[in-house]
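Please open the model in your viewer and keep the sequence panel beside it. The stops below are given in the order in which they can be selected.

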Amino acid sequence: MNHLLTQFATTEPASGGIFEALGIDWKTLIIQIVAFLILVWLLGKFVYPWLMKSVDERQAKIEAATKAASEAQAAASDAEAQVEKLLKKARGEAADIIATAKLESADVVSKSEDKAKKRADQIVADAKSELAKEVVAAKNALHNETLELVALATEKVVGKVITDKNNDDIISDALKAVK
Amino acid sequence: MAIRLSRRKIAGYIADQAVSGVDANNLVQLLAAFLVDSRRVGELTLIIRDIEYQLAERGFVLASVVSAHKLSADTQQSIIDMVSSQTGSKSVQLQQFVDPNVIGGFKVDLPGRQLDSTIAHKLTQLRTNYKK
C-alpha cells in the first residue's frame, strides 16, 4: 500500500503547486477515481444487488422462521392451554365420575345392606313362625295322643268295671238327665 | 200295566192295617207277596223303615235299644217311659240288643231320631271334640 501510494510520487520538489508538492499526479488520480467509480458501479450493479438479495432472502427466511417459531410457540402455547383446559375438564369430569361412583357405590352398598337386613329379618321371622307352627303342631300331636290314650285307657278300665248293676245305674242317671 | 205305588203309600197302608188290629203275620205275608209280585224285594229295608215312621206318626213307636249288658225290667220300663214322654206316643215296643262295644250306657234308635248315651259314644265325642 505504501508502495502503491509512493510509486507515483516523486522525490523532486513540485513545480506545479501543492499537488505537485504532495506528489500527486493528476492523471493517475483521475484514472484511479474513474477506476474506483467503475468499481463502485460494478459493485453496485452486480455484487450489491446479489448480496442484498441474498441478505434479504436470508433475513426473510430468518423472519419467516422467527414467525413460524412464534406461531409454533403460540400454537404450542395454545395447544398447551388447550391440553391444560382438556386436562382440567377431564380432571373435573373424572372427579365428578368418581364422586358419582362413590355416591352410587355408597347407595348400592346401603341398598344391599338394607336388602340383606330385610332378608335376614325375613329369614328370622320365617324361622320363628315355622318354629312356632312346629311347636303348636307338636303340642297338638301330644294333646291328641294323650287324648287318645286317655280314651283308650278309659275304655279298657271302664269296660272291665261296668257290670249289669252299675250299667243300669248309669242308664238310670242318663235317663234322669234326658228328662 | 199296574200303577207303581210309592213306598209311603205302601207303608201307610200297612201301618193303618196294623193299628186297626189286623194280624201281623197276615200283614207280613201280604207285604211279602206284594213285593215279590211287584219285584220290589230290594226295597224291603226302606219300606220297613217307612212303616216304622208311619206307625210312629200314629202313636206306635218301635224302639231298639243297644247296651253292653242285658237290661233289667225296671230299666227297660224306664226307657219305655222316657221314649213315650219324648215322642208322645201311645205305645212303645222295645227291642233290646246287647253289644259289648258300647261299654256302658244305652243307645235308643227311634224312627227319625237317635239317643246315644253310651260310654263308647262319649269317648268318641271326647276324641273328636277335643282333638286339635
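Begin by selecting Ser64(B), and look across to Asp109(B) in strand β3 of chain B, which stands opposite Ser64(B). Before going further, please keep in mind that this is a predicted model.

Next, widen the selection to strand β1 of chain B, residues 60-67, together with strand β3 of chain B, residues 106-110. These two strands run antiparallel, and four bridges join them. Now add strand β2 of chain B, residues 91-98, which runs parallel to β1(B) and is joined to β1(B) by eight bridges. To follow that pairing residue by residue, select Phe60(B), whose bridge partner in β2(B) is Ser91(B). The connection between the two parallel strands can then be traced from β1(B) through helix α4 of chain B, residues 73-87, to β2(B), a β-α-β crossover that is right-handed. A further pair to display is Ser67(B) with Val98(B), its bridge partner in β2(B).

With β1(B) still selected, is the strand enclosed or open? Six of its eight residues are buried, so β1(B) is largely enclosed by the rest of the structure.

Turn now to chain A, where four helices and zero strands are found, so that reading along the sequence gives the pattern α-α-α-α. If you colour this chain by accessibility, 7% of its 179 residues count as buried.

One buried residue deserves its own stop: select Asp168(A), which lies in helix α4 of chain A, residues 164-178. What is the nearest side chain of opposite charge to Asp168(A)? That side chain belongs to Lys165(A), 7.2 Å away, and Asp168(A), although buried, has no salt bridge. What the side chain of Asp168(A) does have is a polar contact of 3.1 Å with the side chain of Ser72(B). Show the surroundings as well, and, apart from neighbours within four places in sequence, you will find Asp168(A) in contact with Leu71(B), Ser72(B) and Thr75(B).

The last part of the tour concerns salt bridges, of which the count over all chains comes to eleven. Select Glu155(A) and Arg127(B), whose side chains meet in a salt bridge with an N to O distance of 3.4 Å. This pair crosses between chains, from helix α3 of chain A (residues 26-161), which holds Glu155(A), to helix α5 of chain B (residues 119-129), which holds Arg127(B). The two ends differ in burial class, for Glu155(A) is partly exposed, with a relative accessible area of 28%, whereas Arg127(B) counts as buried at 17%. Adding Glu148(A) to the selection completes a network of salt bridges that links Glu148(A), Glu155(A) and Arg127(B).

Within chain B, go to Asp50(B) and Arg49(B), where a salt bridge of 3.7 Å, N to O, joins the side chains. Here Asp50(B) is buried, with a relative accessible area of 12%, while Arg49(B) counts as partly exposed at 39% relative accessibility.

Finally, return to chain A and select Arg91(A) with Glu84(A), whose side chains meet in a salt bridge of 3.9 Å, N to O. Glu84(A) is partly exposed, its relative accessible area being 44%.

Technical notes:
Residues numbered from 1 in each chain as written. Chains lettered and ligands numbered in written order. Predicted model: local features only at pLDDT ≥ 70, side-chain atom pairs only at ≥ 80, totals over all residues. Heavy atoms only, no water. Buried < 20%, exposed > 50% of the residue type's maximum accessible area, 1.4 Å probe, protein only. Lys, Arg positive; Asp, Glu negative; His and termini not counted. Salt bridge = Lys/Arg side-chain N within 4 Å of Asp/Glu carboxyl O. Polar contact = N/O pair within 3.5 Å; in protein donor to acceptor, adjacent residues only side chain to side chain. Contact = heavy atoms within 4.5 Å. Pairing = 2+ DSSP bridges. Right-handed = clockwise from strand over helix to strand, strands pointing away.
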